[in-house]
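User: I'm new to reading structures, and I'd like to know how the labels people use are justified. Could you take me through a few?

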Amino acid sequence: MTTIPFFFQNTKSGKKERFQPKDVNQVTIYSCGPTVYNFAHIGNIRSFLFVDVLRRSLLLGGYKLNQSMNITDIDDKIIAESIKRNISVEEFTKPWTEAFFKDLDTLNVQKLEHYPKATESIDDMVSLVETLQTNGLAYEREGNVYFSIQKFERYGELSKIDVSGMKSGVRYDADEYDKDDVRDFVLWKNQKSESEKCWHTKIGNGRPGWHLECSAMIRKIYGSGIDIHTGGIDLLFPHHENEFAQTTGAYPKEEFVGTWLHCEHLLVDGEKMSKSKGNFYTLRDILEKGFDPRVIRFHLISAHYRSKLNFSLAKLGESKVALDRIQNTIYRILDTYSFWDEIPATFEGINFLIPEIQKLNMDFLNALADDLNLPKALATVFELVRIVNQSLDQTSSEKPKEFFKECLSLFVKMNALFGIFQFQKPESDSVDGISQDWILEQIEKRKVAKQNKDFAMADSIRKELENKGILLADTKEGKTTWKKAQ
Ligand code: AMP
Ligand code: ZN
């Protein structure tokens with residue numbers, strides 16, 4: 001399969017550039033992943049869905065990928081929480097790591113080739129620190145090891161931060177600190193108390209600083225520099241600047257990253273969604289409100305990754321209407337021509353012979369190749385929706401059956417990106433976009449409420465289902481069944 005040329009807005013150059021990976025059959029991509037101390041909020045999830053969009057777009061473009069996302073399973077918050085609960089760091093992070101993967105599954109995010117954990121890469125981090133010490137860029141104070149920003153001339157090159165006024169030798173050893181604060185950052189942190197998780201290593205007893213893990217894992221997995229590095233825009237400085245400094249400081253002859261891509265924030269009422277501000281929704285919060293995961297995925301990926309996205313439940317509702325329109329069109333073709341058993345299994349091998357469909361296919365791919373322009377790609381989906389509906393509306397359609405089959409194949413191909421359209425008979429999974437799993441969960445919750453004699457809660461669950469057109473009936477045997485209101 002030949003590859004389509006892609007163009008990306010590279011943070012490093014500040015320009016849109018032709019993407020030139022070292023090997024199209026092994027494109028190397030690393031993304032900063034979650035810190036596993038809580039449920040991810042949907043802002044975090046937006047950045048993980050962006051990674052999925054990048055992956056699926058490049059696969060559609062004919063590239064083969066070798067992709068990683070790290071799991072930060074050691075940091076100040078994790079240590080504090082595990083000490084508070086009197087459990088080990090591993091016990092504390094395990095359920096949150098599982099919750100992260102469950103969220104990705106719920107949103108139909110494709111599995112990557114690697115999910116390295118910080119705690120499994122300590123040796124690689126220690127050896128990176130040793131290389132930096134050998135190169136004269138790292139120094140030790142009271143058991144902590146710091147990176148000396150002044151000794152690394154290229155500091156600031158990636159984020160374009162101005163370091164000219166910086167004070168020399170000012171140190172910072174926390175895992176989180178303010179943007180625009182240029183200080184020597186900690187590579188290795190000395191153990192402060194007996195209860196703190198600690199590794200006994202050649203550079204001391206302690207644990208790594210947060211920035212170190214990504215540089216070390218990239219080295220461990222890929223052996224050298226990579227084609228693409230992604231993360232949310234808030235990671236550009238200091239996290240990515242520090243990653244760049246660490247790796248380039250250790251291996252000055254190599255290019256660390258070819259293309260840096262940064263995803264914009266999800267906002268609530270104009271402010272960044274974040275745990276510290278308390279203005280966040282988790283995926284569970286939104287599923288609880290009865291939204292289908294497909295709608296959530298659709299909503300979070302539809303905006304351009306470099307645009308801020310202001311989140312509201314009303315806007316999510318608009319995405320449901322838009323997705324229903326696409327889905328109904330797909331069902332309309334399937335119903336009209338009974339194509340149910342003729343759906344291509346994958347987008348590979350689909351060929352389009354009809355010029356009108358060929359053009360839409362190319363427009364769709366070109367939109368993706370143009371810095372992952374999802375709004376433009378979505379416009380081609382709606383153009384296909386329009387063409388199909390118009391052609392089916394004509395009483396004596398001039399279009400042959402083959403035309404609609406190609407339209408359906410193009411929907412299948414588009415779904416290799418969107419991952420939300422359905423091609424099976426609808427009753428198998430959801431009722432009017434409400435997932436059966438959710439309905440069953442509500443029935444279970446109502447049962448528990450009744451057992452606890454919380455009848456107000458039981459009634460409110462029944463009412464909520466009724467408002468969505470789902471009626472409950474309790475049988476004599478104590479079971480509850482449901483049906484759609486007529
Ligand atoms: P964390 O788990 O806090 O390390 O963050 C994981 C990812 O979520 C990082 O790439 C962050 O840049 C990203 N992120 C954090 N808040 C938001 C937000 N409101 N919108 C989009 N991405 C975010
Ligand atoms: Zn990172």
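**From values to labels**

User: Which element gives the most to the lining of the second largest cavity?

Analyst: Helix α1 does, with 3 residues. Keep in mind throughout that this is a predicted model.

User: What makes this space a cavity, and how much space lies in it?

Analyst: The second largest cavity holds about 40 Å³. It is called a cavity because a 1.4 Å probe fits there but cannot get out. By a cut-off of 30 Å³ or more, the count comes to 4 cavities.

User: How do you know how the residues of that lining divide into nonpolar, polar and charged?

Analyst: Start with the names: the lining is made of Phe48, Val51, Asp52, Met69, Leu104, Val109, Gln110, Leu112 and Tyr115. Asp counts as charged and Gln falls among the polar residues, whereas Phe, Val, Met, Leu and Tyr count as nonpolar. The result is 7 nonpolar, 1 polar and 1 charged.

User: What about the largest cavity: what is its volume?

Analyst: Its volume is about 90 Å³. The residues around it are Arg46, Leu49, Phe50, Val53, Leu300, Ile301, Ala303, His304, Tyr305, Leu372 and Leu374. Helix α1 appears again, with the largest share of this lining at 4 residues. Both α1 and α8 (293-302) supply at least two residues. By class, the lining has 9 nonpolar residues, 1 polar and 1 charged. Arg is on the charged list and His is on neither the nonpolar nor the charged list, so His counts as polar.

User: What is the volume of the second largest pocket, and why is it called a pocket instead of a cavity?

Analyst: Its volume is about 430 Å³. The word pocket is used because the set of points is open, with protein on both sides along at least five of seven lines. It is lined by 17 residues, and the closest to its centre are Thr106, Leu287, Pro293, Asp437 and Glu441. Two or more residues come from each of α3 (89-106), α7 (283-288), α8 and α13 (436-451), with α7 giving the most at 4 residues. This lining has 5 nonpolar, 3 polar and 9 charged residues.

User: Now the metal. Why is the site of the zinc ion (ligand 2) called irregular?

Analyst: Begin with the donors, which are Cys32 (SG), Cys214 (SG), His239 (NE2) and Glu243 (OE), at 2.1 to 2.4 Å from the zinc ion. Each counts as a donor because that range lies within the 2.8 Å cut-off. The angles among these 4 donor atoms run from 80 to 130 degrees. A tetrahedral site needs all angles between 85 and 135 degrees, and 80 falls outside that window, so tetrahedral is ruled out. Square planar needs opposite donors over 155 degrees apart, and the angles stop at 130, so the label is irregular.

User: What makes Cys32 and His239 a pair that links distant parts of the chain?

Analyst: Cysteine 32 sits in the loop between β3 (27-31) and α1 (42-60), while histidine 239 belongs to helix α6 (residues 236-250), and 207 residues separate them. Across the whole site, the donor spacing in sequence is C-x181-C-x24-H-x3-E.

User: Are cysteine 32 and histidine 239 buried or exposed, and how do you know?

Analyst: Buried means under 20% relative accessible area. Cysteine 32 has 9%, so it is buried, and histidine 239, at 1%, is buried as well.

User: How do you know which label suits asparagine 108 and lysine 453?

Analyst: Asparagine 108 comes to 36%, between the 20% and 50% cut-offs, so it is partly exposed. Lysine 453 has 63%, which is over 50%, so it is exposed. Asparagine 108 has a positive phi of about 55 degrees although it is not a glycine, and lysine 453 has a positive phi near 60 degrees.

User: Last one: how does the radius of gyration of the protein agree with that of a compact globule?

Analyst: For 486 residues, a compact globule would have a radius of gyration near 23 Å, and the protein has 26 Å, so the two agree. The C-alpha trace spans about 80 × 65 × 35 Å along its principal axes.

Definitions and conventions
Residues numbered from 1 in each chain as written. Chains lettered and ligands numbered in written order. Predicted model: local features only at pLDDT ≥ 70, side-chain atom pairs only at ≥ 80, totals over all residues. Heavy atoms only, no water. Donors = N, O, S within 2.8 Å, 3.2 Å for Na, K, Ca; no water. Tetrahedral: all angles 85-135°; square planar, octahedral: opposite > 155°, others 65-115°. Buried < 20%, exposed > 50% of the residue type's maximum accessible area, 1.4 Å probe, protein only. 1 Å grid on protein atoms, 1.4 Å probe; cavity = no way out; pocket = protein on both sides within 12 Å on 5 of 7 lines; lining within 4 Å. Points joined across faces, edges and corners; volume = space filled by probe spheres on them. Rg over C-alpha atoms; globule rule 2.2 N^0.38 Å.
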